[in-house]
Amino acid sequence: MAKLTKKQKEAASKIEKNKLYSLKDASALIKTVASAKFDESVDIAVRLGVDPRKANQMVRGVVTLPHGTGKDVRVLALVTPDKEAEAKAAGADYVGLDDYLQKIKDGWTDVDVIITMPAVMGKLGPLGRILGPRGLMPNPKTGTVTMEVGKAVGEVKAGKIDFKVDKTGIVHAGIGKVSFDADKITENAHEIIQTLIKLKPTAAKGTYIKSIHISSTMSPAIALDPKAV
């Protein structure tokens, strides 16, 4: 096991072992335990009482964080020429179609979100092996396959994120930066937790929200009291 650095030890000492914090207290604490010289991301991990192997217990959705993620999201709009101006006006970083499809085939995936139109999805199918593993394949369920291209781009730029439970039953999501006010971290975390509660599958039995942790890029995780949120 790797030895902890002096900063890591100092950060860990500020977190009480076996204590379950309130969301408000954890949001304030995360700002004090982050020690990197850069503006660390704040992430949330929610363990759900579901079996992701069963289709009727899959949890997936989208949420618009009230204060955004603090991250400059790079958006590629794969659209027909008549939609290019709309995508550009909404703030898409890259706009086009065939040229970018070829770039992706050649291995380029330097974007965070791809938004496209229903008519273009047929061309994206063969790129599934490249985009799928990177979480970049557009999906109507997350609003990234739509005729309202400008609206979709604007929402993503404003803080709309999609999430999906992993094979271990955990949902991971970025909820801001340590430079955010504690209240903004609290409100962003609360929004995604409430969204997860609304998405509880009817087939899920027993305790649904098993555990919640928040952490920054370099900090130890802080355990939250699921019952308090």
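Here is a quick tour of the structure above, from its two sheets to its largest pocket. Keep in mind that this is a predicted model. One sheet has four strands with antiparallel pairing, and another has three strands with parallel pairing. Strand S7 is a good one to keep an eye on, since it turns up in the four-stranded sheet and also gives the most to the lining of the largest pocket.

**The four-stranded sheet**

- Reading across this open sheet, the strands come in the order S7-S1-S8-S9, and they pair in the antiparallel sense.
- S7 (170-177) and S9 (222-224) sit at the edges with a single partner strand each, so one side of each has no neighbour in the sheet.
- From one strand to the next, the twist averages 25°.
- Seven bridges hold the antiparallel pairing of S1 (residues 41-48) with S7.
- Helix H8 (residues 182-198) packs on this sheet and touches S1, S7 and S8, with its direction at about 155° to that of S7.
- Want to trace the S1 and S7 pairing residue by residue? Alanine 45 stands opposite histidine 172 of S7, and valine 46 has valine 171 in S7 as its bridge partner.
- Helix H2 (residues 23-33) lies across S8 (209-216) and S9, and runs at about 175° to S9.
- Although S7 is an edge strand, six of its eight residues are buried, so the rest of the structure largely encloses it.

**The three-stranded sheet**

- This open sheet is arranged S4-S3-S5, with parallel pairing.
- S4 and S5 are the edge strands, each pairing on one side only.
- Ignoring direction, neighbouring strands here are turned by 15° against each other on average.
- Helix H4 packs on the sheet and touches S3, S4 and S5, its direction making about 120° with that of S3.
- Helix H7 lies across S3 and S5, running at about 165° to S5.
- S3 and S5 run parallel and are joined by four bridges; one pair to look for is valine 75 with its bridge partner in S5, valine 113.
- S3 and S4 also run parallel, with three bridges between them; here alanine 77 has valine 95 in S4 as its bridge partner.
- In a regular strand, side chains alternate between the two faces of the sheet.
- S3 is covered on both faces: Val75 and Ala77 are buried on one side, and Leu76 and Leu78 are buried on the other.

**Helices H4 and H7**

- Which residues of H4 (residues 98-105) are buried? They are Tyr100, Leu101 and Ile104.
- Looking down the axis of H4, these buried residues fall within an arc of 105°, so they line one face of the helix.
- An α-helix has 3.6 residues a turn, so residues three or four places apart point the same way.
- The buried residues of H4 pack against strands S3 (75-78), S4 (94-96) and S5 (113-116), along with helices H5 (121-124) and H6 (128-131).
- In H7, the buried residues are Val149, Gly150, Ala152, Val153 and Val156.
- They cover an arc of only 165° around the axis, which puts them on the same side of H7.
- The partners they pack against are S3, helix H3 (81-90), S5 and S6.

**Positive phi values**

- Glycine 107, just after H4, has a positive phi of about 110°.
- Glycine 159, just after H7, has a positive phi of about 125°.
- Asparagine 18 has a positive phi near 65°, and this residue is not a glycine.
- You'll find asparagine 18 in the loop between helix H1 (6-13) and H2.
- Is asparagine 18 buried or exposed? With 81% relative accessibility, asparagine 18 counts as exposed, because the cut-off for exposed is over 50%.

**The largest pocket**

- The largest pocket holds about 930 Å³ of space.
- It is lined by 37 residues, and the closest to its centre are Asp112, Val113, Gly135, Ile161 and Asp162.
- At least two lining residues come from each of S1, S2 (60-64), S5, H7 (149-158), S6 (160-164) and S7.
- Which strand gives the most to the lining of the largest pocket? That would be S7, with six residues.

Notes: Residues numbered from 1 in each chain as written. Predicted model: local features only at pLDDT ≥ 70, side-chain atom pairs only at ≥ 80, totals over all residues. Heavy atoms only, no water. Pairing = 2+ DSSP bridges. Axes fitted to C-alpha atoms, helices over the stretch in contact; angles between N-to-C directions. Contact = heavy atoms within 4.5 Å. Buried < 20%, exposed > 50% of the residue type's maximum accessible area, 1.4 Å probe, protein only. Arc of directions from axis to C-beta. 1 Å grid on protein atoms, 1.4 Å probe; cavity = no way out; pocket = protein on both sides within 12 Å on 5 of 7 lines; lining within 4 Å. Points joined across faces, edges and corners; volume = space filled by probe spheres on them.
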